[in-house]
Amino acid sequence: MLIDLHSHLEGRVRPQTAAELAAGLGIAPPAGGWERAIRLDGPADLTVYLAKVAVTYPFFGSTDAARRIAREAVEDGAAAGLDYLELRFGPATHASDEAGIDDVVAAVTEGMREGSAATGMPSGAVVAALRHHDRETNLAVARAAARAAGNGVVGFDLAGDELLYPDLRPHTDAFALARAAGLGITCHAAEAAPGPAAREAVEMLGATRIGHGAHIVDDPDTLRWAADSGIVVEICPTSNWYTGAIADVAQHPAPRFRDAGVKLVLGDDNPLQTGSGMREERDLLARVLGFGPADLAALDSVSVEAAFLEPAVRRELAARLT
Ligand SMILES: [Zn+2]
């Protein structure tokens with residue numbers, strides 16, 4: 001099965017769409033074209049990686065464009081054979097005087113709904129607060145997510161630079177609000193920061209899933225805690241390699257998580273930037289990281305259990321588990 005539980009909408013803007021939207025916005029085409037502007041040449045560091053993602057930000061300024069990008073992202077996911085796609089995005093980054101946070105959320109969820117209706121592939125939106133945004137902004141994001149809960153939005157996330165902004169205290173109220181609205185909670189943590197950052201995200205924000213968590217394995221106490229607590233780690237091997245979180249994809253900690261008994265799900269993070277989608281990531285687990293059929297079956301079953309889904313869709317996906 002291909003259940004993508006960690007993927008950014010900003011990492012799924014088709015280069016052709018970027019070119020068309022840029023022409024409409026009067027943005028000059030970059031030297032070498034949009035595909036080269038978006039795609040990484042190979043492993044880099046987090047700054048270079050995030051700059052490639054940020055290339056797509058101007059295209060979310062209009063709600064029509066955001067809706068189109070979201071629809072196409074779901075269509076592309078379905079065409080790539082996904083069974084379910086959870087798409088996250090940071091609406092405060094894209095909001096403006098013309099289109100507020102609620103408008104961006106409405107545009108994205110509407111586009112995703114259109115994509116799912118056209119393809120039959122279920123999808124859910126995860127609204128992301130950002131570490132470098134202040135308490136008030138992230139509260140506004142949480143309120144918008146809560147208003148759209150059950151209407152396309154299924155989860156709430158915290159993304160951004162955890163080395164520069166490690167303090168979770170400014171965001172606890174936003175997460176309390178999101179939890180009260182019934183949203184699933186995930187948090188990018190221990191991707192760049194040391195392992196205990198993951199535990200903080202669980203204890204302070206109520207996360208049940210951790211985005212990346214690559215450094216959890218460096219800290220034996222946190223690794224044991226991750227296994228005992230039943231927390232789910234969303235692994236994105238190629239992304240970790242391309243951001244420099246790990247030196248080589250063959251050194252990704254997936255096998256160490258598996259051997260410690262930590263629950264794992266898979267994501268492709270920003271597939272147009274890395275050039276690696278879910279099929280490639282799953283293939284990498286099998287080919288490079290030693291995941292056998294039983295390991296992949298366990299990953300599928302945790303994915304169905306941990307996805308932020310309506311019960312009917314979960315039952316439908318569970319029926320596909322072999
Ligand atoms: Zn991510």
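The largest nonpolar core holds 97 residues, and V105, V108, V127, A145 and V233 have the most contacts inside it. A nonpolar core here is a set of buried Ala, Val, Leu, Ile, Met, Phe, Trp, Tyr and Cys residues joined through C-beta atoms within 7 Å. Buried, in turn, takes 20 or more other C-beta atoms within 10 Å of a residue's own; exposed is 12 or fewer, partly exposed is in between, and the C-beta atoms are placed from the backbone. Helix α6 (residues 101-119) supplies the largest share of this core, 7 residues.

Before going on, a word on what you are looking at. This is a predicted model: local features need pLDDT of at least 70, side-chain atom pairs count only at pLDDT 80 or more, and totals for chains, interfaces and linings use all residues. Residues are numbered from 1 along each chain as its sequence is written.

**The chain as a whole**

The protein chain has 16 helices and 8 strands. These are DSSP runs numbered from the N terminus, with helices being H or I of at least four residues and strands being E of at least two. The radius of gyration is 18 Å, close to the 20 Å that the globule rule gives for 322 residues, so the chain is as compact as a globular protein of that length. That radius is taken over C-alpha atoms, and the rule is 2.2 Å times the number of residues to the power 0.38. Along its principal axes, the C-alpha trace spans about 50 × 40 × 40 Å. Of the 322 residues, 54% count as buried. Among contacts with a separation of 6 or more, 74% come from residues 24 or more positions apart; a contact means that two C-beta atoms, placed from the backbone, lie within 7 Å.

**Around α6 and α7**

Back to V105, one of the residues with the most contacts inside the core. Not counting residues up to four places away in sequence, V105 touches P91, V127, A144, A145, A148 and V153. D102 also lies in helix α6, and with 17 other C-beta atoms within 10 Å it is partly exposed. On the same basis for sequence neighbours, D102 touches A144 and R147. The C-alpha atoms of D102 and A176 sit 19 Å apart, with their positions 74 residues apart along the chain.

Helix α7 (residues 135-147) packs against helix α8 (residues 172-180) at an angle of about 5 degrees, with the axes 8 Å apart. That makes α7 roughly parallel to α8. The axes are lines fitted to C-alpha atoms, for helices over the stretch in contact, and angles run from 0 to 180 degrees between N-to-C directions. Under 35 degrees counts as roughly parallel, over 145 as roughly antiparallel, 65 to 115 as roughly perpendicular and the rest as oblique. On the α7 side you'll find R135, N138, L139, V141, A142, R143, A145 and A146, meeting D173, A174, L177 and A178 in α8. The residues of this contact divide into 8 nonpolar, 1 polar and 3 charged. For that split, Ala, Val, Leu, Ile, Met, Phe, Trp, Tyr, Cys and Pro are nonpolar, Asp, Glu, Lys and Arg are charged, and the others, Gly among them, are polar.

**Two residues with positive phi**

Neither residue in this table is a glycine.

| Residue | Phi | Loop | C-beta atoms within 10 Å |
|---|---|---|---|
| A190 | near 55 degrees | between β5 (184-189) and α9 (196-205) | 29, buried |
| D269 | about 60 degrees | between β8 (263-266) and α13 (271-274) | 29, buried |

**Three more spots to click on**

L264 lies in strand β8 and is buried, with 20 other C-beta atoms within 10 Å. Although L264 and V233 are 31 residues apart in sequence, their C-alpha atoms are 5.0 Å apart in space. Leaving aside neighbours within four places, L264 is in contact with V233, I235, A254, F257, R258, L299 and V302.

M278 is in helix α14 (residues 278-287) and is buried too, with 23 other C-beta atoms within 10 Å. Its contacts beyond four places in sequence are L2, D4, A80, L82, L266 and D268.

E75, in helix α4 (residues 63-79), is partly exposed, with 18 other C-beta atoms within 10 Å. Residues up to four places away aside, E75 touches G115, A118 and T119.
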